[in-house]
Amino acid sequence: MTPTPISSIVLEGREFPIKRDDLVDKYLTGNKFRKLYPLLITPKSTFNKIISYGGTQSNAMLSISAMCKQKGWEYIYYSKEISKTQEELNTGNLYLAKKLGMKHIQIPHNKYRDTINELQFNLDKKIFLIDQGGAIVDAKDGLDVLAREIREQNPDVKALATPSGTGTTALFLALALPEYEVYTTPCVGDVHYLKEQMSALANIPDNLVILKPKKKYHFAKPYPNFLDIYKKTLSSGIEFDMVYSPGMWECLLEQTDEKIMYIHSGGVSGNESMLKRYKRCHLL
Ligand SMILES: *Cc1c(COP(=O)(O)O)cnc(C)c1O
């Protein structure tokens, strides 16, 4: 695979090199591409079906759908029940994932936990279960590939940044690149929750710096300052996702002053439905 390119943007007079993992593919992008990489290089005949579960706006959901299409694997995705309006939207990640062949199964709220817990007991050798958010055990291998690319491209920076959901990306990147400082911030839950998630995977290394958000944000909710940051980055020449990246950019601009390379984590395909939500909330 050829390394993704590095371009750069200027924000508030500061130059930020950007590692363009958003350019890998239209739907299979960013850190989801990196995390799924071990499955992508697995021979097609190893599996015939992939099962996963989680939210219906999920970038991982869509990336897995793109992977399954490429591989010819059946793809079943479980979520909690959603409204008819959400189900019938003709934009956004759910719509795109279904178009790529994903079969969507909705579970009533009160049965959801049990159903998901039971998935692991009904597998055979040809079925692979991917936990929520594209969490696969071998994700580390894909992030090691990213780390190697960065080391070889040797950008003129000593620090990297990437926003966290599960924290898998930031953690494994920091572990693979001890010579760089890796900044992240929690976009799901708070700093304490993120540290807990990361600690379940590995010991958190000293070069991983978790920046605290300025205020408590709820995941994937519209915020006026996030919209401002989205617009500011867009007019600097690169579109970023509207769910994770604004919180990371806010922390970087307000809490750091060194030169930092931002790892673009993709997810831009979800922006269309986020922009609709901003409109519905009269923020746009
Ligand atoms: C999934 C995702 C993240 C979070 O990645 P984790 O490895 O779960 O921390 C960040 N940014 C974007 C755009 C994503 O799609």
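Lys-232 is partly exposed, with 36% relative accessible area. This value, like the others here, comes from a predicted model. Lys-232 forms a salt bridge with Glu-12, and the closest N and O atoms of the pair are 2.8 Å apart. Glu-12 lies in the loop between strand S1 (6–11) and strand S2 (14–19), whereas Lys-232 belongs to helix H9 (residues 224–235), so the bridge ties together parts that are 220 residues apart in sequence. Glu-12 is exposed, at 52% relative accessible area. The value for Glu-12 counts as exposed because 52% is over the 50% cut-off. Lys-232 falls in the class between, partly exposed, because its 36% is neither under 20% nor over 50%.

The search of the whole structure returned 13 salt bridges. One of them links Lys-103 and Glu-74, with 3.8 Å between the closest N and O atoms. Lys-103 sits in strand S5 (residues 103–107) and Glu-74 in strand S4 (residues 74–80), so this pair ties together parts that are 29 residues apart in sequence. Both partners are partly exposed: Lys-103 has a relative accessible area of 46%, and Glu-74 has 37%. Shared partners also join salt bridges into one network, made up of Lys-19, Asp-21, Arg-34 and Glu-149. A further bridge pairs Arg-20 with Asp-22, at 3.0 Å between the closest N and O atoms. Here both residues, Arg-20 and Asp-22, are buried.

Strand S5 also holds His-104. His-104 is buried, with a relative accessible area of 16%. That class follows because 16% is under the 20% limit for buried residues. The side chain of His-104 makes a polar contact of 2.8 Å with the side chain of Ser-79.

The ligand is surrounded by 15 residues. The closest are Lys-32, Asn-59, Gly-165, Thr-166 and Thr-169. Several short N or O distances to the ligand were found. A side-chain N or O atom of Lys-32 is 2.7 Å from an oxygen atom of the ligand. For the side chain of Asn-31, the corresponding distance to a ligand oxygen is 2.9 Å. Gly-165 takes part through its backbone, with an N or O atom 2.8 Å from an oxygen atom of the ligand. On its own the ligand has 390 Å² of accessible area, and the protein covers 98% of it. Two elements give two or more residues to the shell around the ligand, namely helix H1 (30–40) and helix H7 (168–176). H1 gives the most, with 3 residues. By class, the shell has 10 polar, 3 charged and 2 nonpolar residues.

Helix H1 appears again in the nonpolar interior, as one of the elements that give two or more residues to the largest nonpolar core. This core has 26 residues. Within it, Ile-64, Met-67, Tyr-75 and Ile-130 have the most contacts. Besides H1, the elements with two or more residues in the core are helix H2 (59–71), strand S4 and helix H4 (92–99). H2 gives the most to this core, with 6 residues. Strand S4, which gives two or more residues to the core, also carries Glu-74, the salt-bridge partner in S4 of Lys-103.

Two further positions were examined. Ile-82 is placed in the loop between S4 and helix H3 (84–88). At 16% relative accessibility, Ile-82 counts as buried. The C-alpha atoms of Ile-82 and Thr-56 are 8.3 Å apart in space, with the two positions 26 residues apart in sequence numbering. His-192 is found in helix H8 (residues 191–199). His-192 counts as exposed, at 54% relative accessibility. From His-192 to Lys-212 the C-alpha distance is 10.0 Å, and the two are 20 residues apart in sequence. The two histidines described here thus fall into opposite classes, because His-192 has 54% relative accessibility and is exposed, whereas His-104 has 16% and is buried.

Key:
Residues numbered from 1 in each chain as written. Predicted model: local features only at pLDDT ≥ 70, side-chain atom pairs only at ≥ 80, totals over all residues. Heavy atoms only, no water. Helix = DSSP H or I, 4+ residues; strand = E, 2+ residues; numbered from the N terminus. Buried < 20%, exposed > 50% of the residue type's maximum accessible area, 1.4 Å probe, protein only. Near = heavy atom within 4 Å. Polar contact = N/O pair within 3.5 Å; in protein donor to acceptor, adjacent residues only side chain to side chain. Areas by Shrake-Rupley, 256 points an atom, 1.4 Å probe, with all protein chains shown as cover. Nonpolar A, V, L, I, M, F, W, Y, C, P; charged D, E, K, R; others polar. Salt bridge = Lys/Arg side-chain N within 4 Å of Asp/Glu carboxyl O. Core = buried A, V, L, I, M, F, W, Y, C linked by side-chain atoms within 4.5 Å.
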